[in-house]
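Trainee: Could you take me through one part of this model in close detail? I'd like to follow how the pieces around it fit together.

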Amino acid sequence: MTPQHGKRPAPRSGARPGYPEGSRKGMEPGFQGGFTLIEILVVIVILSILGGLAAQTLLSRPDAARVQAAQTDLRTLSAALDVYRLDNYRYPTSDQGLNALVERPSGSPEPKNWNPGGYLKKLPDDPWGSPYLYENIDGRIELSSLGADGVEGGEGNAADIRLSEL
């Protein structure tokens, strides 16, 4: 009997599909397929290397996340200060500070239309646990965080973060 065009002949008994005629690989009684110890060790080593690289990348991210959180806080404080200014026709003085967003400030100039509920529920600290800095110089405000080192200046994660530079 001749095979039809485009069809493969069925394998003879004893031959496994994908193996040459007469091959009985994997057909022996008691044979169990699986991985050798070397193959498993190679996979473990590769996964360990990849895990180490991933951990190194993830461990460097908290610093970047703190900088991003500080930038977001500065923008939020700026928006609250803008609403304060809309209500009271000026920003709080440097002496009144950011606390004017939470409690009605005393002293001059007295805010005539201060919102009884305040402008923020509470003042956030920067991601490094220090208060944000506020200055009002001739009606221009500057908000900043001193960064990871808590002192003016610095580089990288220790650099100051200023609203005017965002």
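Trainee: Which residues have the most contacts inside the largest nonpolar core, and how many residues does this core have?

Mentor: A word on the ground rules before the core itself. This is a predicted model, so local features need pLDDT of at least 70 and side-chain atom pairs count only at pLDDT 80 or more, while totals for chains, interfaces and linings use all residues. Numbering starts from 1 along each chain as its sequence is written, and side-chain values use heavy atoms, with hydrogens and water left out.

The pLDDT score is the predictor's confidence in each residue, from 0 to 100. The protein chain averages 83, and 78% of the residues score at least 70. Confidence is highest in β2, at 96, and lowest in helix α1 (residues 37-59), at a mean of 79. Where pLDDT is low, the predicted coordinates should not be read in detail.

Now your core. A nonpolar core here is a set of buried Ala, Val, Leu, Ile, Met, Phe, Trp, Tyr and Cys residues joined through side-chain atoms within 4.5 Å. Buried means under 20% relative accessible area, exposed over 50%, and partly exposed in between (1.4 Å probe, protein chains only). The largest such core has 19 residues, and Leu77, Leu81, Leu98, Leu101, Tyr134 and Leu143 have the most contacts inside it. Two or more residues each come from α2 (61-88) and β2 (140-145), with α2 giving the largest share, six residues. Those elements are DSSP runs numbered from the N terminus: helices are H or I of at least four residues, strands E of at least two.

Tyr134 is a good place to zoom in. Contact means heavy atoms within 4.5 Å. Setting aside neighbours within four places in sequence, Tyr134 touches Leu81, Leu98 and Leu143, among others, as well as Tyr91, Pro92 and Ile141.

Next, the strands. Two strands pair if DSSP finds at least two bridges between them. Three strands make an open antiparallel sheet in the order β1-β2-β3, with β1 (133-137) and β3 (161-162) as the edge strands, each pairing on one side only. Between β1 and β2 there are five bridges, in the antiparallel sense; asparagine 136, for one, has isoleucine 141 in β2 as its bridge partner. Helix α2 packs on this sheet, touching β1, β2 and β3, and its direction makes about 155 degrees with that of β2. For that angle, axes are lines fitted to C-alpha atoms (for helices, over the stretch in contact), and values run from 0 to 180 degrees between N-to-C directions.

Helix α2 also takes part in some ring packing. Rings of Phe, Tyr and Trp (its six-membered ring) pair if their centres lie within 6.5 Å; planes under 30 degrees apart count as stacked, over 60 as edge-to-face and the rest as tilted. The structure holds two aromatic pairs. Tyrosine 84 and tyrosine 119 have ring centres 5.4 Å apart and planes at 65 degrees, so they are edge-to-face. That pair links distant parts of the chain, with tyrosine 84 in α2 and tyrosine 119 in the loop between α2 and β1, 35 residues apart. Tyrosine 84 counts as buried because its relative accessibility is 2%; tyrosine 119, at 12%, counts as buried too. Tryptophan 114 and tyrosine 119 are also edge-to-face, because their planes sit at 80 degrees with centres 5.9 Å apart. Together, Tyr84, Trp114 and Tyr119 form one aromatic cluster.
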